Amino acid sequence: MSEPGLDLHEWETMWATVAEDRDEDPTAALSQFADIVGRMLRSRGYNVDDPVEASGDEHEIVTTYLSARETAERAEVGSASRAEVEDAINDLEDVFDTVLKA
């Protein structure tokens with residue numbers, strides 16, 4: 001079993017590492033941010049793969065994550081605009097901050 005404080009430090013470190021290269025390659029950063037938030041949510045007990053969870057008590061967190069993940073997938077194949085990528089990154093930052101404070 002992991003310790004929340006150690007996870008917190010690990011997530012913040014991973015986030016900061018990706019953020020350093022965000023301006024150079026936002027598409028890659030979005031994908032990496034989505035990976036971090038996905039792991040973080042799963043470790044905190046969110047079932048991001050269950051459509052029922054997306055409509056449950058924490059639906060906003062899950063649906064925001066899933067939307068950003070979908071944008072990351074579209075960006076990887078060139079089907080998302082720079083603005084969509086930036087919006088998705090900002091959404092993931094909000095989820096990241098919300099879950100850290102929980």
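**Salt bridges within and between helices**

Glutamate 70 and arginine 74 share helix H3, where four residues, about one turn of the helix, separate them. In this predicted model, the two side chains form a salt bridge, with 2.7 Å between the closest N and O atoms. Both partners fall in the partly exposed class: glutamate 70 has a relative accessibility of 36%, and arginine 74 has a relative accessible area of 24%.

This pair belongs to a wider set, as the structure holds seven salt bridges. Another one joins arginine 69 to aspartate 35, with an N to O distance of 2.5 Å. Here the contact links distant parts of the chain, since arginine 69 sits in helix H3 (residues 59–76) and aspartate 35 in helix H2, 34 residues apart. Arginine 69 is buried because its relative accessible area, 17%, lies under the 20% cut-off. Aspartate 35, at 32% relative accessibility, is partly exposed.

Helix H4 (residues 82–101) offers a further case, with arginine 82 and glutamate 86 placed four residues apart, about one turn of the helix. Their salt bridge has its closest N and O atoms 3.4 Å apart. Arginine 82 counts as exposed because its relative accessibility of 52% is over 50%. These two residues also take part in a network of salt bridges that links Arg22, Arg82, Glu86 and Glu93.

Turning back to helix H2 (residues 26–43), serine 43 is found there and is partly exposed at 45% relative accessibility. The C-alpha atoms of serine 43 and aspartate 7 are 9.0 Å apart in space, while 36 residues separate the two in sequence.

How values were computed: Residues are numbered from 1 along each chain as its sequence is written. This is a predicted model: local features need pLDDT of at least 70, side-chain atom pairs count only at pLDDT 80 or more; totals for chains, interfaces and linings use all residues. Side-chain values use heavy atoms; hydrogens and water are left out. Helices (H or I, at least four residues) and strands (E, at least two) are DSSP runs, numbered from the N terminus. Buried means under 20% relative accessible area, exposed over 50%, partly exposed in between (1.4 Å probe, protein chains only). A salt bridge is a side-chain nitrogen of Lys or Arg within 4 Å of a carboxyl oxygen of Asp or Glu.
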